Amino acid sequence: MRVEILGQERRRRWGDAKKLDVVMSIGLDGATVTEVAHRHDVSRQQIYAWRHERIPTGRAALFH
C-alpha cells in the first residue's frame, strides 16, 4: 500500500468566542449537535469537548 501526503496538515484555531457561539447554537430552532457539527465542519466529539470546557462540574462549581 502506498500513501501520498498531498500537503501540510493544518489545525484550525478556534477562539473562545467562536467555540461558545458553536456550542450555544445547539438547540436553536431545534438544531442537534450533529447538525451544528456539520454546519461548522467539526466533529460532534469536538463540540462535546468544548461544551464540557464551558460547564463547570464537581464541588468547584458550587463556589463560582
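## Setting the scene

Two helices count as roughly perpendicular when the angle between them is 65 to 115 degrees. That cut-off will be handy below, so keep it in mind as we walk through the structure. One caution before we begin: this is a predicted model.

The protein has three helices and zero strands, and reading along the sequence gives the pattern α-α-α. Of its 64 residues, 19% are buried. Looking at contacts between residues at least 6 apart in sequence, 40% join residues at least 24 apart.

## How α1 meets α3

Let us put the definition to work. The axes of α1 and α3 come within 10 Å of each other and cross at roughly 105°. An angle of 65 to 115 degrees counts as roughly perpendicular, and α1 and α3 are therefore roughly perpendicular to each other.

On the α1 side, the residues that meet α3 are K19, L20, V22 and V23. Their partners in α3 are I47, W50, R51, E53 and R54. Sorted by class, this contact has five nonpolar residues, four charged ones and no polar ones.

## How α2 meets α3

Helix α2 covers residues 33-40 and helix α3 covers residues 44-54. Their axes come within 9 Å and cross at roughly 105°, which makes α2 roughly perpendicular to α3.

Here V33, T34, V36 and A37 from α2 meet R44, I47 and Y48 from α3. By class, the contact of α2 with α3 divides into five nonpolar, one polar and one charged residues.

## The two faces of α1

Which residues of helix α1, residues 16-24, are buried? They are K19, V22 and V23. These residues cover an arc of only 95° around the axis, so they sit on the same side of α1. The face turned away from that buried side carries the exposed residues A17 and M24. Among the elements that cover the buried residues of α1 are α2 and α3.

K19 deserves a closer look. This residue of helix α1 counts as buried because its relative accessibility is 18%, and the cut-off for buried is under 20%. Leaving aside neighbours within four places in sequence, K19 is in contact with W14, W50 and E53.

## The two faces of α2

A similar question can be put to the next helix: which residues of α2 are buried? The answer is V33, V36, A37 and H40. Seen down the axis of α2, they fall within an arc of 100°, so they line one face of the helix. H38 and R39 are the exposed residues on the face turned away from the buried side of α2. The cover over the buried residues of α2 includes α1 and α3.

Just after α2, the backbone offers a detail to check in your viewer: D41 takes a positive phi of about 55°.

## The nonpolar core

In soluble globular proteins, nonpolar side chains tend to be buried together. In this model, the largest nonpolar core has nine residues: V22, V23, A31, V33, V36, A37, V42, I47 and W50. The elements giving two or more residues to this core are α1, α2 and α3, and the largest share, three residues, comes from α2.

One core member to follow is W50. Not counting residues up to four places away in sequence, W50 touches W14, K19, V22, V23 and V42.

## V42, a core residue in a loop

Where does V42 lie? V42 is in the loop between α2 and α3. With a relative accessible area of 15%, V42 is buried, since the cut-off is under 20%.

Beyond its neighbours within four places in sequence, V42 is in contact with R12, W14, A37, I47 and W50. For a distance to try in your viewer, take the C-alpha atoms of V42 and V22: these residues are 20 apart along the chain, and the atoms are separated by 9.8 Å.

Technical notes:
Residues numbered from 1 in each chain as written. Predicted model: local features only at pLDDT ≥ 70, side-chain atom pairs only at ≥ 80, totals over all residues. Heavy atoms only, no water. Axes fitted to C-alpha atoms, helices over the stretch in contact; angles between N-to-C directions. Helix = DSSP H or I, 4+ residues; strand = E, 2+ residues; numbered from the N terminus. Parallel < 35°, antiparallel > 145°, perpendicular 65-115°, else oblique. Contact = heavy atoms within 4.5 Å. Nonpolar A, V, L, I, M, F, W, Y, C, P; charged D, E, K, R; others polar. Buried < 20%, exposed > 50% of the residue type's maximum accessible area, 1.4 Å probe, protein only. Arc of directions from axis to C-beta. Core = buried A, V, L, I, M, F, W, Y, C linked by side-chain atoms within 4.5 Å.
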